[in-house]
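These are my notebook entries on a structure that is new to me. I wanted to look up how the chain is packed before going into single residues.

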Amino acid sequence: MSVFQKLTKVATRSGAALLCAVAVVGCGSSRHTHTTVDEAPPGRMLAEERPARRAARADPGPVPSRPEEKAFGARYATPAQCEVAARRLLATSRDEAWSALKSCVERTHFTLLNALLSDAWAEELRVRPDAAQVIAQVVAWRGGSVEGELQILHARKVPIFGLSAAVAQPEMYKGRYLLLRAQVADVRSEDDKPTVWLVEQGMGSVAREQAVGYATRKDSVKVHSGAVGGNVGILGPSNLGGQIATSEQEVSSSTVQRFDNVTDETGREALGRLQKADPFFAPGQDFVVLARFDGLRVTSGGEGDDEDAPKLPVLTIVGYYAPHPLVVY
């Protein structure tokens with residue numbers, strides 16, 4: 001006989017009141033929450049203050065999103081309207097407000113990085129375990145110009161860093177979040193856990209002139225003719241004639257300067273670890289990658305005790321996002 005059947009039998013014998021009490025206890029003990037993001041070592045999460053982090057652990061967790069919350073972002077025409085509506089929910093439920101904001105990021109072309117980093121959302125960015133993923137997704141929506149976006153994040157003291165800083169001081173940045181734009185060069189599997197070869201990409205722009213409106217063209221030909229008469233010496237009187245033709249061409253148009261985004265390798269590479277194979281994380285494509293820095297590993301061509309041996313940074317990939325082709329400044 002199962003535990004639930006025994007409790008039901010006892011409740012039947014003892015009366016309806018005992019049955020209600022058992023039901024209440026059972027409902028309270030079955031609550032369970034789960035997050036797909038692994039926790040970083042103490043002090044290494046986006047939430048830097050430990051007292052606040054312990055308080056977040058003591059909380060039983062966010063209330064599961066209602067079905068309508070998942071489509072919250074689809075209700076609004078612009079990301080700005082969606083963010084304002086989500087911010088209003090902070091006064092009644094911070095969990096619902098955060099779920100609404102994530103829906104705004106997922107369902108609209110959300111490029112409002114400054115709004116996300118505003119004081120209104122500062123507490124949520126500090127304590128939410130998925131805050132770094134939301135930031136990375138917004139950076140991808142803005143075009144994936146990671147180097148410039150990191151400057152904005154650091155101005156707001158957001159602890160997400162670049163690959164170059166981690167390579168320069170591996171002990172300081174070990175376990176911290178890194179954000180980089182990278183192209184997948186190769187994917188290999190060992191013990192059913194894929195390892196991805198990442199080649200970091202820097203972003204720049206190339207200027208060009210693009211015609212706007214109508215262009216006009218005017219072609220004209222002018223012919224000049226004449227005759228000359230007179231005495232030409234021993235030949236006596238004579239007449240000379242001829243023609244001179246000239247052509248003119250005039251073209252007018254209006255142009256505007258445009259900039260095309262171009263990416264180029266920075267010279268830095270890394271090994272990324274995935275929990276499982278992902279067919280969408282394919283070679284030859286650029287991604288905005290959020291990862292935790294695990295340190296440097298000596299490559300196969302070097303010796304472990306050689307300080308000058310070539311080393312590669314090793315990352316645990318937390319999330320990746322395809323960058324939008326247009327860059328928002």
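What percentage of the residues of the protein chain count as buried? I am working with a predicted model, and in it 32% of the 329 residues count as buried.

**Entry 1, the chain.** I found 12 helices and six strands in the protein chain. I then looked at contacts with a separation of 6 or more, and residues 24 or more positions apart account for 69% of them.

**Entry 2, the cores.** I looked up the largest nonpolar core, which has 35 residues, and noted that Leu116, Ile135, Leu153, Ile160 and Leu179 are those with the most contacts inside it. Among the elements that give two or more residues to this core are α9 (131-141), α10 (146-155) and β2 (177-190), and the largest share, eight residues, comes from α9. Leaving aside residues up to four places away in sequence, I saw that Leu116 touches Leu101, Trp121, Leu125, Val134, Ile135 and Val138. A second, separate core has 19 residues, including Phe281 and Ile317.

**Entry 3, the aromatic rings.** My search of the whole structure gave six aromatic pairs. One of them, Phe281 with Tyr320, is tilted, at 4.3 Å centre to centre and 35 degrees between the planes. Phe281 lies in the loop between β4 (237-273) and β5 and Tyr320 in strand β6, so the pair ties together parts 39 residues apart in sequence. Phe281 counts as buried at 2% relative accessibility, whereas Tyr320 is partly exposed at 22%. The rings of Phe287 and Tyr320 have their centres 5.2 Å apart and their planes at 85 degrees, so I noted this pair as edge-to-face. Phe281, Phe287 and Tyr320 form one aromatic cluster.

Conventions
Residues numbered from 1 in each chain as written. Predicted model: local features only at pLDDT ≥ 70, side-chain atom pairs only at ≥ 80, totals over all residues. Heavy atoms only, no water. Core = buried A, V, L, I, M, F, W, Y, C linked by side-chain atoms within 4.5 Å. Buried < 20%, exposed > 50% of the residue type's maximum accessible area, 1.4 Å probe, protein only. Helix = DSSP H or I, 4+ residues; strand = E, 2+ residues; numbered from the N terminus. Contact = heavy atoms within 4.5 Å. Phe/Tyr/Trp six-rings, centres within 6.5 Å; stacked < 30°, edge-to-face > 60°.
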